[in-house]
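Biologist: Please take a close look at a single part of this model, the contact between chain B and chain A. Begin with enough background on chain A to place that contact.

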Amino acid sequence: MSLETPVETVLRKRFSRIQIVESLSNEHEEHLVLRQRHLLDALDFLQKDPDTHLNLLVDISAVHHHESAKGLYANPPQTPFFEVFYVLRSTRLKYRLRISVFVSEEEPLMPTVTATFPNANWLEREMWDLFGIFIEGHPDMRRLLLPKDFTGHPLRKDYEESFQS
Amino acid sequence: MKSHFNLDCASDQLIRSAQEEEQRAERKRLFRSTRFGVSSSERVCKILPYATGGEDKFLLSLYIEGRTVTGADAEIGWRHQGLEKHLETAPWDSPADLKAFSLPFLLALEKLGHVPAPSLRQKLARLIAYESFRLRHHLEVIARVVELVGSSSPSDDLARIRDDSEIRAHLIGRAKVDRNTAISLGLTGIMLRATGLADDLRAEDESLPYHLLNFVPQTRTESDAYARFLLRFAEIEMSMTLIQRAKRLRDEQPADSTIPTPFIATSSPFAFAYIEAPEGELVVSLWAAKEGAMQRVRIKTPSFALASAIPTLLLGADIDDVALILASLGVDWVELDR
């Protein structure tokens with residue numbers, strides 16, 4: 001990674017109100033878990049700040065954790081829950097960052113990040129289509145991959161059960 | 001929708017800053033994916049891109065005024081294969097026919113299982129295979145463009161095709177996208193390198209030995225369809241050079257008779273791999289489940305970003321240029337519909 005200090009250090013120093021729930025970094029990628037309420041501010045800061053310069057949104061998707069996520073995280077929420085992740089990359093500083101946010105299964109709701117990263121449009125639609133995570137404020141909340149009259153969200157772990165019932 | 005979460009979303013704020021308004025306008029300009037009503041002088045034309053087997057994988061409606069495209073609505077067709085879902089239930093040793101995703105999936109799987117890195121000879125063999133795949137992709141895109149233009153250049157003379165004046169006339173100045181717009185649209189690969197940015201993941205790839213082969217990212221600065229077309233020829237030349245160098249280096253390595261370590265179980269709960277695919281960044285992320293299967297497989301392809309950018313790329317284009325612009329983009333429809 002080209003940065004002298006990890007993103008976590010920059011965030012803690014310059015944007016201290018953002019609470020970092022957990023940090024799981026390795027030699028290939030820095031991975032931060034944030035609170036959902038800090039997500040938009042964090043993404044905006046990370047994109048605009050010259051020391052982080054995470055200007056490219058590579059991916060947004062989700063994982064439906066139906067069994068314990070203790071092997072992945074130190075203090076995960078009680079299962080089942082969704083993990084929504086964002087993969088960012090800096091084209092200038094040549095490094096990448098993964099940000100995860102935990103979302104309740106009972107009310108799967110996330111804010112749109114299209115104001116900061118316009119290419120989040122289709123990625124968020126895909127997440128709604130396959131996981132049923134509704135994106136608040138999204139300009140075009142339609143299914144993307146599946147037909148408009150399709151029932152259910154197939155990448156949910158409980159999809160087969162609900163389909164059969 | 002009432003939220004039980006304490007979300008400080010920008011949309012909840014009553015007073016918007018001038019910067020937020022500008023961002024909203026920019027977002028609206030970039031993603032005019034839904035139009036409600038057309039003006040009296042516009043007509044709507046449903047077309048499909050020129051792509052072998054692509055007819056029902058992508059749906060495109062154009063709003064046209066006179067001869068100019070004033071808007072476009074793009075939708076992915078309904079040939080979704082459910083590959084990611086399928087990989088959650090497939091056994092480790094026979095996941096699926098992954099085609100273009102095979103190498104990044106393999107790289108991520110090796111990280112997940114902490115499989116020892118293969119020998120240099122094996123890595124070079126992988127590199128040769130992937131560069132051959134890249135070569136073929138670029139040749140297919142060039143062939144589609146040549147076929148559409150109806151160029152009189154002999155089809156086996158790449159240099160003459162590259163310098164063909166008819167192709168140049170049809171592509172120069174078309175579908176121009178500057179660097180910041182390309183990044184906003186999530187475009188990587190040739191789309192970004194045609195804006196002058198030397199962004200090529202092969203330059204920092206740790207899993208394949210590009211650093212031993214004097215790899216140099218190819219760039220141009222004109223940012224239009226013709227620059228991207230020319231870049232394909234430069235990439236073909238680079239790929240052929242890499243293959244030749246890799247073969248020489250591979251032949252210097254001792255013959256490898258070790259049996260690959262079988263993948264038995266995961267050592268890590270999560271791993272990912274990224275690769276510079278022919279059209280840009282391809283990322284495979286894997287989450288392991290306890291019983292040795294895959295809890296989640298995520299494959300993010302460059303064609304996804306390319307397809308979503310098509311409405312923006314066609315804005316202002318002449319109706320005659322639409323098919324050619326689409327053909328020159330090199331969208332892989334199989335990648336799109338995984």
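**Chain A and its contact with chain B**

Modeller: Chain A has 4 helices and 7 strands. The model is predicted, and what follows should be read as a description of that prediction. Read from the N terminus, the order of elements in chain A is α-β-β-α-β-β-β-β-α-β-α. Along the principal axes, the C-alpha atoms of the chain occupy a box of roughly 55 × 35 × 25 Å. The radius of gyration of chain A is 16 Å, which agrees with the value near 15 Å for a compact globule of 165 residues. Of those 165 residues, 62% count as buried. As for contacts within chain A between residues at least 6 apart in sequence, 56% of them link residues that are at least 24 apart.

Now the contact itself. Chain A contributes 62 residues and chain B contributes 63. Putting the two chains together buries about 5,300 Å², with 55% of that area coming from carbon and sulfur atoms. Between the two chains there are 18 residue pairs in polar contact, counting pairs with both residues at pLDDT 80 or more. On the side of chain B that touches chain A, the elements giving two or more residues are α1 (18-30), β3 (68-76), α2 (83-89), α7 (179-184), β4 (270-277), β5 (280-288), β6 (294-300) and α10 (302-314). By residue type, that side of chain B is made up of 28 nonpolar, 15 polar and 20 charged residues.

Salt bridges come next. The count over all chains is 38, and 10 salt bridges cross the interface of chain B and chain A. One of them pairs B:Arg298 with A:Asp59, at 2.7 Å from N to O.

Another is formed by the side chains of A:Arg96 and B:Glu281, again with an N to O distance of 2.7 Å. A:Arg96 sits in strand β5 (residues 95-104) of chain A and B:Glu281 in strand β5 of chain B, so this salt bridge joins two chains. What is the relative accessible area of A:Arg96? It is 4%, and because buried means under 20%, A:Arg96 is buried. B:Glu281, with 3%, is buried as well.

A:Arg142 and B:Glu75 also meet in a salt bridge, at 2.8 Å from N to O. This pair runs from the loop between β7 and α4 of chain A, which holds A:Arg142, to strand β3 of chain B, which holds B:Glu75. Here the two partners fall into separate classes: A:Arg142 is partly exposed at 23% relative accessibility, whereas B:Glu75 is buried at 10%.

The loop between β7 and α4 of chain A also holds A:Arg156. That arginine is buried, with a relative accessible area of 15%. Residues up to four places away in sequence aside, A:Arg156 touches A:His64, A:Phe82, A:Glu105, A:Leu130 and A:Phe131, and on the other chain B:Lys85.

A:His138 is placed in the loop between β7 (134-136) and α4 (159-164) too. Its relative accessible area is 10%, so it counts as buried. A polar atom of the A:His138 side chain lies 2.9 Å from the backbone oxygen of A:Asn121. Beyond its neighbours within four places in sequence, A:His138 is in contact with A:Asn121 and with A:Thr112, A:Thr114, A:Glu124 and A:Arg125.

One salt bridge within chain B is worth setting beside those that cross. The side chains of B:Asp200 and B:Arg193 meet at 3.3 Å, N to O. Both are buried: B:Asp200 has 2% relative accessibility and B:Arg193 has 0%. The pair belongs to one network of salt bridges with shared partners, which takes in B:Glu131, B:Arg134, B:Arg193, B:Asp200, B:Arg202, B:Glu235 and B:Glu276.

To return to the request, the contact involves 62 residues of chain A and 63 of chain B, and 10 salt bridges cross it. Among them are A:Arg96 with B:Glu281 and A:Arg142 with B:Glu75.

Technical notes:
Residues are numbered from 1 along each chain as its sequence is written. Chains are lettered from A and ligands numbered from 1 in the order in which they are written. This is a predicted model: local features need pLDDT of at least 70, side-chain atom pairs count only at pLDDT 80 or more; totals for chains, interfaces and linings use all residues. Side-chain values use heavy atoms; hydrogens and water are left out. Contact means heavy atoms within 4.5 Å. Buried area is the accessible area (1.4 Å probe) that two parts lose on being put together, summed over both. A salt bridge is a side-chain nitrogen of Lys or Arg within 4 Å of a carboxyl oxygen of Asp or Glu. A polar contact is a pair of N or O atoms within 3.5 Å; within protein, one must be able to donate a hydrogen and the other to accept it, and residues adjacent in sequence count only if both atoms are side-chain atoms. Ala, Val, Leu, Ile, Met, Phe, Trp, Tyr, Cys and Pro count as nonpolar, Asp, Glu, Lys and Arg as charged, and the others, Gly among them, as polar. Buried means under 20% relative accessible area, exposed over 50%, partly exposed in between (1.4 Å probe, protein chains only). The radius of gyration is taken over C-alpha atoms; the globule rule is 2.2 Å times the number of residues to the power 0.38.
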